[in-house]
Amino acid sequence: MKFILRIRFLYHRYFWKKQTKYNSNPDKIFSNKHYLAIIQLGRPVIPLLISDIIRNNNRWFFALEKITGENPVPKNFAGIITAMNNFWITWYNVQQKENN
């Protein structure tokens, strides 16, 4: 199951990046059908999103918020991509510790 999830994630991530590569409009970036398909994968995709943030600094904060119903990013850091990603990485690490 994890293998299939990973393949689906990689497929949708590839086309999301390809289709939004030259787009700076957040509405278009985050409403792309492949980005939305990743959100539909639900909670099991969270480790893949966090891993992708760490490796590629991709913008998964909107997807993570939609999937988790949470937003660990303080309002004064909104729009600062690296900071937003770091808050999500910290959130994930705390969740991992609490669940183990």
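Here are a few notes on this predicted model.

1. Ground rules. Residue numbers start from 1 along each chain as its sequence is written, and side-chain values use heavy atoms, with hydrogens and water left out. As this is a predicted model, local features need pLDDT of at least 70 and side-chain atom pairs count only at pLDDT 80 or more, while totals for chains, interfaces and linings use all residues.

2. Confidence. The protein chain has an average pLDDT (the predictor's confidence in each residue, from 0 to 100) of 95, and 100% of the residues score at least 70. By element, the lowest mean belongs to H2 (94) and the highest to H3 (98); helices here are DSSP runs of H or I, at least four residues, numbered from the N terminus.

3. The core. The largest nonpolar core (buried Ala, Val, Leu, Ile, Met, Phe, Trp, Tyr and Cys joined through side-chain atoms within 4.5 Å; buried means under 20% relative accessible area, 1.4 Å probe, protein chains only) has 26 residues, and Phe9, Val45, Leu49, Ile50, Trp60, Leu64 and Trp88 touch the most other members. Elements giving two or more residues to this core are H1, H2 (26-30), H3 (33-40), H4 (46-56), H5 (61-68) and H6 (81-98).

4. Phe9 up close. Leaving out residues up to four places away in sequence, Phe9 has contacts (heavy atoms within 4.5 Å) with Ile38, Leu41, Val45, Leu48, Leu49, Asp52 and Trp60.

5. A backbone oddity. Most residues other than glycine have a negative phi. Asn57, in the loop between H4 and H5, has a positive one, near 55°.

Definitions and conventions. Buried means under 20% relative accessible area, exposed over 50%, partly exposed in between (1.4 Å probe, protein chains only).
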